[in-house]
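Me: Please take a close look at one helix of this model and what packs around it. Start with the wider setting, then work inward. Keep it brisk.

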Amino acid sequence: MGTTSPATTRNLFEQETGLTSGPGLDPSAVAGYPDHPPRVGFFTDTSVCIGCKACEVACKEWNNVPEDGLVLTGMSYDNTADLSASTWRHVAFIEQPAADGDGDLRWLMASNVCKHCSQAACLDVCPTGALMRTEFGTVVVQDDICNGCGYCVSACPFGVIGRSETDGGAHKCTLCYDRIGDGLMPACAKACPTESIQFGPLDELRERAHQRVADLHTAGQPDARLYGADPADGIGGAGAMFLLLDEPEVYGLPPDPVVTTRDLPRMWRHAATAAGSIIAAVVVACAGGRR
Amino acid sequence: MKRGGEKAMVPDADFGSYYGRPVVKETVWGPDIPAYLFLGGLAGASSALAAGAQVTRHAELARALKCGAAGAISLSMVALVHDLGRRMRFVNMLRVLKVTSPMSVGTWILSGYTPLALAAAAAAVTRKLPRAGFAATAGAALLGPAVASYTAVLLADTAAPAWHEAHRELPFVFAGSAATAAGGLGMLTVGPGRAGQAVRFAVIGAAGEIAAKSLLLQRLGATAEPYQTGRGGQLMDISEVLTAAGLAVAVLAGRTRVGAPVAGLALMAASALTRFGVFEAGRASARDPKYTVRPQRERLADAASREQ
């Protein structure tokens with residue numbers, strides 16, 4: 001991640017649309033909370049994940065998320081498959097040949113979750129205002145407003161949010177809005193036995209994440225890298241960052257996600273020109289000839 | 001290495017993926033949406049052409065187009081509400097106006113356009129309130145083209161690679177396709193020999209659509225694949241054949257009793273198939289992770305080489 005110049009992004013957004021989730025480092029302030037608690041999020045350190053799936057279970061239990069079927073996928077120990085309306089934490093399992101080359105296995109595990117983007121495409125495209133930015137800088141769906149149009153599902157660059165077949169609405173991780181408001185940590189972080197999932201103020205987490213990568217590099221783990229920790233990336237930095245041990249796409253994550261609405265001002269201009277061309281075609285068709 | 005179990009789930013070796021699974025989600029929209037893309041385009045372009053026909057005193061063509069627009073936009077509304085996960089809450093679209101949401105902007109464009117299109121048709125059929133009818137006709141003609149082209153932004157403002165990357169050309173593909181359909185409607189509904197304006201409109205529309213499509217295919221490179229292969233490619237191909245056939249019949253036999261409606265139907269079907277083809281191409285591009293991962297990898301590599 002990290003090819004987009006933040007200045008370009010900011011200019012496009014603020015000058016041309018001047019709206020919503022904005023690219024600043026303080027999305028809560030952009031969303032209209034002048035006085036708000038510090039932005040919080042997750043740091044998921046996959047180097048200590050043991051694949052116990054306690055996060056998946058705790059999330060379902062606390063949020064009363066319905067079960068989504070018991071199937072065997074054939075993908076290592078992962079029978080959850082992906083994030084969806086009914087899965088808000090998903091542990092990925094990757095089996096690789098180890099670097100030592102003598103037939104050993106390297107087993108990567110990573111608990112995926114909504115990124116709570118600084119520039120959230122789902123929030124931008126939601127036509128009802130059901131998706132909103134909280135005072136904590138997180139992104140949540142207001143279930144009593146969502147009309148199930150499904151636009152957010154196609155807009156998310158991570159494939160996180162889904163539409164429920166049961167109730168027709170869109171659902172995703174709320175970063176346990178109801179818990180953090182009471183000073184509790186989200187259910188998944190609370191249940192994680194190895195502190196692979198860490199919750200806290202984003203600034204602190206980012207510092208801790210950089211320190212952890214440095215430590216791992218020193219300890220002979222050159223593969224360690226951060227994902228979603230750069231505020232200059234295509235989504236303005238994630239509210240949920242990760243420490244990965246391989247390329248993001250190996251874990252099913254996009255290597256360079258960009259919020260689709262970044263190009264929206266340009267899209268509107270092309271659409272306006274195209275609409276004008278229809279009127280021009282009418283003039284030509286009707287002016288020429290007798291009949 | 002034990003990966004994949006019984007099924008081979010890792011397709012290409014030149015990019016990494018998680019068991020070949022999609023990175024972004026395929027749209028949850030059903031066939032209602034491409035049907036709406038067609039009907040909305042047909043309605044919008046018909047309203048625009050109707051105003052031109054009325055001003056140049058082609059009353060029969062104007063009336064037919066207004067009725068067609070009113071019918072098409074009414075069906076559109078049904079399709080749009082039907083596709084919602086929670087249909088009773090469709091009015092929640094009117095809670096807010098967000099320029100960052102093409103669906104929100106589109107809802108408001110439709111809210112302005114639909115009553116005007118219905119009023120224009122009602123005035124034309126009843127021959128009452130000619131002044132109000134003319135005002136409605138003019139208003140629908142101004143908003144109609146927006147109805148026809150905003151839907152391209154609706155698709156482009158997503159993470160589906162084949163839709164998003166096509167954001168430059170897609171509005172012109174849709175505008176051309178809409179004009180093709182409206183021209184076809186004119187040929188189908190007025191007597192042979194009285195649809196000259198409709199024929200010319202369809203010719204201009206089809207030419208624009210074909211030009212925009214070929215630009216799209218050129219510029220998108222590998223991301224254009226879903227427009228050329230699979231179900232999306234098939235639909236696009238049939239659309240092209242129907243467009244060519246419809247135009248040929250219109251130009252050669254457009255003044256005959258059989259030729260005009262046949263050409264009209266072919267052009268309308270071609271327009272519908274273009275929308276279904278684009279829709280399927282977007283779905284296919286979201287399903288296969290290579291369309292998401294490869295361009296992003298290339299972007300990162302470009303950025304890295306620029307920094308050196």
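Reply: In this predicted model, 62% of the contacts in chain A with a separation of 6 or more join residues 24 or more positions apart. Chain A has 9 helices and 10 strands. Its C-alpha atoms fill a box of roughly 85 × 45 × 40 Å, taken along the principal axes. Of the 291 residues in chain A, 53% are buried.

One residue of chain A serves as an example. A:Val30 sits in helix H2 of chain A, residues 27–30. A:Val30 counts as buried because 21 other C-beta atoms lie within 10 Å, and the cut-off is 20 or more. A:Val30 and A:Arg133 are 103 residues apart in sequence, yet their C-alpha atoms are 9.4 Å apart in space.

Now to the boundary with chain B. There, 65 residues of chain A are in contact with 78 residues of chain B. On the chain B side, the elements giving two or more residues are H1, H3 (102–126), H4 (130–156), H6, H7 and H11 (289–307). H4(B) gives the largest share, 8 residues. By class, this side of chain B has 39 nonpolar, 23 polar and 16 charged residues.

H6(B) is on that list, and it is the helix to look at closely. H6(B) covers residues 170–189.

Take H1(B) as a partner. H1(B) runs over residues 32–55, and its axis comes within 7 Å of that of H6(B). The two axes cross at roughly 70 degrees. Angles of 65 to 115 degrees count as roughly perpendicular, so that is how H1(B) and H6(B) lie to each other. Their crossing is right-handed. From H1(B), the contact uses B:Phe38, B:Gly41, B:Leu42, B:Gly44, B:Ala45, B:Ser46 and B:Leu49. They meet B:Phe174, B:Ser177, B:Ala178, B:Ala179, B:Ala181, B:Ala182, B:Leu185 and B:Gly186 of H6(B). The residues of this contact divide into 10 nonpolar and 5 polar, with no charged ones.

Next comes H2(B), residues 59–82. H2(B) packs on H6(B) at about 120 degrees, with the axes 9 Å apart. That angle falls outside the 65 to 115 range and is not over 145, so H2(B) and H6(B) are oblique to each other. This crossing, too, is right-handed. B:Leu61, B:Ala64, B:Leu65 and B:Gly68 of H2(B) meet B:Ala182, B:Leu185, B:Gly186 and B:Thr189 of H6(B). Here the division is 5 nonpolar, 3 polar and no charged. B:Ala182, B:Leu185 and B:Gly186 face H2(B) and also appear in the contact with H1(B).

H6(B) also helps to cover H9(B). The buried residues of H9(B) have a cover that includes H6(B), H7(B) (196–220), H8(B) (225–228) and H10(B) (259–287). Those buried residues are B:Gly232, B:Leu235, B:Met236, B:Ser239, B:Leu242, B:Thr243, B:Gly246, B:Leu247, B:Val249 and B:Ala250. H9(B) spans residues 230–253, 24 in number. At 1.5 Å a residue, H9(B) should therefore span 34 Å. The end C-alpha atoms of H9(B) are 34 Å apart, which agrees.

In short, H6(B) meets H1(B), meets H2(B), helps to cover H9(B) and gives residues to the side that touches chain A.

Definitions and conventions: Residues numbered from 1 in each chain as written. Chains lettered and ligands numbered in written order. Predicted model: local features only at pLDDT ≥ 70, side-chain atom pairs only at ≥ 80, totals over all residues. Helix = DSSP H or I, 4+ residues; strand = E, 2+ residues; numbered from the N terminus. Expected span 1.5 Å × (residues − 1). Buried ≥ 20, exposed ≤ 12 C-beta atoms within 10 Å, placed from the backbone. Contact = placed C-beta atoms within 7 Å. Axes fitted to C-alpha atoms, helices over the stretch in contact; angles between N-to-C directions. Parallel < 35°, antiparallel > 145°, perpendicular 65-115°, else oblique. Left-handed = near helix turned anticlockwise from the far one by under 90°. Nonpolar A, V, L, I, M, F, W, Y, C, P; charged D, E, K, R; others polar.
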